[in-house]
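Visitor: I should like a close look at a single part of this structure, namely the interface between its chains. Please describe it in one connected account.

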Number of protein chains: 2
Amino acid sequence: LADPLIDHAEGQLFLNEAFKIIVEEVLRKGTDAEEKVCEWREPESLALLLDLQLRDTGESQDRLLQRVRDVAKYSIKTSHPHFFNQQFGGVDYHSLAGRFLTEALNTNLFTYEVAPVFVLMETEVLKALRQLVGWTDGDGIFCPGGSTSNMYAMNLARYKLFPEVKTKGLWALPRLAIFSSPGSHYSVQKGASYLGFGTDSVILVKVDDGGRMIPEDLDAKIELAKSQGFVPLLVSCTSGTTVLGSFDPLDCIADVCDKHQLWMHVDAAWGGSVLFSKQHRHLMKGVERAKSVSWNPHKMLLAGLQCSAFLLQDTTNLLKRCNCANASYLFQQDKFYDVNLDIGDKSVQCSRKVDCLKLWLMWKAVGSTGLEHRVDKAFLHVRYLLEQMKKRDGFQLVSTVAPVIKERMMKEGTMMVGYQPLGDLGNFFRVTVFSPHICHKDMDFFLDEIERLGKCL
Amino acid sequence: LADPLIDHAEGQLFLNEAFKIIVEEVLRKGTDAEEKVCEWREPESLALLLDLQLRDTGESQDRLLQRVRDVAKYSIKTSHPHFFNQQFGGVDYHSLAGRFLTEALNTNLFTYEVAPVFVLMETEVLKALRQLVGWTDGDGIFCPGGSTSNMYAMNLARYKLFPEVKTKGLWALPRLAIFSSPGSHYSVQKGASYLGFGTDSVILVKVDDGGRMIPEDLDAKIELAKSQGFVPLLVSCTSGTTVLGSFDPLDCIADVCDKHQLWMHVDAAWGGSVLFSKQHRHLMKGVERAKSVSWNPHKMLLAGLQCSAFLLQDTTNLLKRCNCANASYLFQQDKFYDVNLDIGDKSVQCSRKVDCLKLWLMWKAVGSTGLEHRVDKAFLHVRYLLEQMKKRDGFQLVSTVAPVIKERMMKEGTMMVGYQPLGDLGNFFRVTVFSPHICHKDMDFFLDEIERLGKCL
Ligand SMILES: Cc1ncc(COP(=O)(O)O)c(C=O)c1O
Ligand SMILES: Cc1ncc(COP(=O)(O)O)c(C=O)c1O
């Protein structure tokens, strides 16, 4: 009992073997267009295959390595060129190296003392992201996802207007209203209920044919809400809506926010990366007038889950004032270094994972220009796909049979793409083609495959 | 432009080199008692050394590998046997392999479709944890930290009592009260303000000499709150308080909760792991009477950040009813498999990192018995340290000079331990010795080192 329980050499040997399997099964095979995207199994048989049950006794190293292989085999290959299913396909190897390093270092972003490198790095990365937004100064924090980032905005907006909410709660405040569009992400609804506003506080503003919020209707809805006794609090605009990829007209919305003194938040979780591109950043014109922005490098930039930045124009330490609890076991004031570097109390979390290193290393690797290139290429992909689709017949017909096509593709494992109903139009396929792995061949494959799977339906 | 932007072979080569550096610098040297725990630099010089700035152009692979080395060098070695600083020291190599695999697979826990293995695995791990709590059935979810888990409890408790809160917000509800002890984690306060209750809603119950909540005072405080017009909602008990490691008397608190019909939540973020131990699980006697439990395997079990389970006794789908938004782009109802497997809508997040694999693989590796052994050993460490400390003079004196001793140890890099003020008693060192790497030698080192650093003060 006087000796340690863990043998480092043995552990490192295991890790080494596991690493080789990961590279071969997940990264090499998993990105090979000739291999399957998924190895579909019905839940019952997959549970049996994996033997998930946890028991009293441990297992041999060989058995455990086989488990690593099994998990890899039956998991979805999200870096596969035929994975068009979600906003996080693809792999960036520098980011991945950053993630491995993060995991091995296993530290926590609360204080300079315990995360000297990452406190400085997070600060620097946030600054660089803010510069792209157009702010020379400001604040921010990495959150475990864009949903949380959006909630931070709601929480800050109400604290800014009514600081007493922190101690007295919403009961001490008038009824507040939040404005958003029907195409906005569901986290606005989730946030409204989680933070105690209730979803009835979310007022939906009309959109135009392109799914963009109509500023005149926003203005009218604000007036209406006021007349109903609400205090209008915040507008959550979207830059890149989840389903249609629409960009709300930020400049015009900013005018309305100015007029009524509302907090303008921009949910750019999906679309924020256009700010890297000289050619496409006009889509977010006016973003610099926002008070806060959510931006997920884990989506279009391939930084890997989770990586979501919440950016703030504020320079008055609002974030910390709103969220701090001043715990004396972490945030002692009699430290031997500048305690402003102890950024943990800005968060509503306590432990907070390091999410900046992977983005930083990737950014260092390819530079802003490399990231710009990726964004531009994603737009070219979209154009190519549209052109090719127009050349083919029958793609409108797909909608009624989408679930069946989807079942067929999953069971064959040839590709993955999401479908979704759109109003009266029925189901359609939402194909994401932003990944820098994807080339024309893959998009042609997508179209051929939809045709093939849709045959005889 | 017809070709992909990312070269997989080149990327995998880089990853390979980075992996070697990680193993050597973070895992081999970083766990060697002869090496430093930290390589202290003042913030300004560290920022210079690291050259953090992000630029337009990318860098060479060699330069990037040097960056990996630098990040490793100047980061804290949290797996070092002389890292006594926080509740997450140490490394488990099976868990780490699970984390690497998670990062490489980079998927998202919303649907069976995109995470077949992990949906089943998370369900199984939660079941195993619930069994240790003493529940044969129930629900749960992994959260990005114990703070979030505690907030889930508050959110659910109010929804259960007043389902209209989801749509109408707190304005439609009477003022609610939450009960906790002064030793409870600050996330109870943060949660109260984030979720809109306000910190005034948190009523602190008196504790005994051992820092344990006094049930009679809880009863009295509940009566008092009622008489002041509050509706008592929830008691947040703590199993293993952050600073003192106290365990609230759950059985007696459960009686009070029964009497007043309150939601009993147990924050076992730190102490939950005693449930593995036949010898020590009595500390949580009565936990099975709770409605919910937070438990962080990323602390005492070394699962790695982030790994926090929120466990629920409920079998009525309360979690999903409370948090769901039914987004049609993710949670289509016309799928070809059982949509109950699409667990994502239970979460207030959208993207949710896979946090179960690392725990599962570690648990498979050593079995429940191995984990029990670790917990028992941690208690032996504490006893050993106490005995040794009693044999030495002058340890009480440390309190006034803790900040100076801390500065000296950080700058020399020989070890890390946290200090914190305790009421009128001044500062004391909070040493965590649960890591299975630690042996008598390391604890002796700790005591010697405190003496050495405290000399001439
Ligand atoms: C526009 C938009 N906002 C927010 C989110 C939520 O981000 P996360 O999944 O990181 O919570 C998404 C994710 O799909 C999104 O598309
Ligand atoms: C008792 C207790 N509860 C909750 C937490 C918060 O957990 P996390 O840091 O994962 O948010 C801690 C962390 O120190 C804790 O000690």
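Guide: The following account treats the interface of chain A and chain B. This is a predicted model, in which local features need pLDDT of at least 70 and side-chain atom pairs count only at pLDDT 80 or more, whereas totals for chains, interfaces and linings use all residues. Residues are numbered from 1 along each chain as its sequence is written, chains are lettered from A and ligands numbered from 1 in the order in which they are written, and side-chain values use heavy atoms, with hydrogens and water left out.

The contact (heavy atoms within 4.5 Å) draws 172 residues from chain A and 172 residues from chain B. Between them the two chains bury about 15000 Å², of which 64% lies on carbon and sulfur atoms; buried area is the accessible area (1.4 Å probe) that two parts lose on being put together, summed over both. In chain A, the residues losing the most area to chain B are Trp171(A), Tyr194(A) and Phe336(A), which together make up 7% of what that side buries.

As for charged pairs, the rule finds 10 salt bridges across the interface, each being a side-chain nitrogen of Lys or Arg within 4 Å of a carboxyl oxygen of Asp or Glu. One salt bridge joins the side chains of Lys364(A) and Asp51(B), at 3.6 Å from N to O. Helix 12 (residues 357-390) of chain A supplies the largest share of the side of chain A that touches chain B, 15 residues; helices are DSSP runs (H or I, at least four residues), numbered from the N terminus.

Technical notes:
Helices (H or I, at least four residues) and strands (E, at least two) are DSSP runs, numbered from the N terminus.
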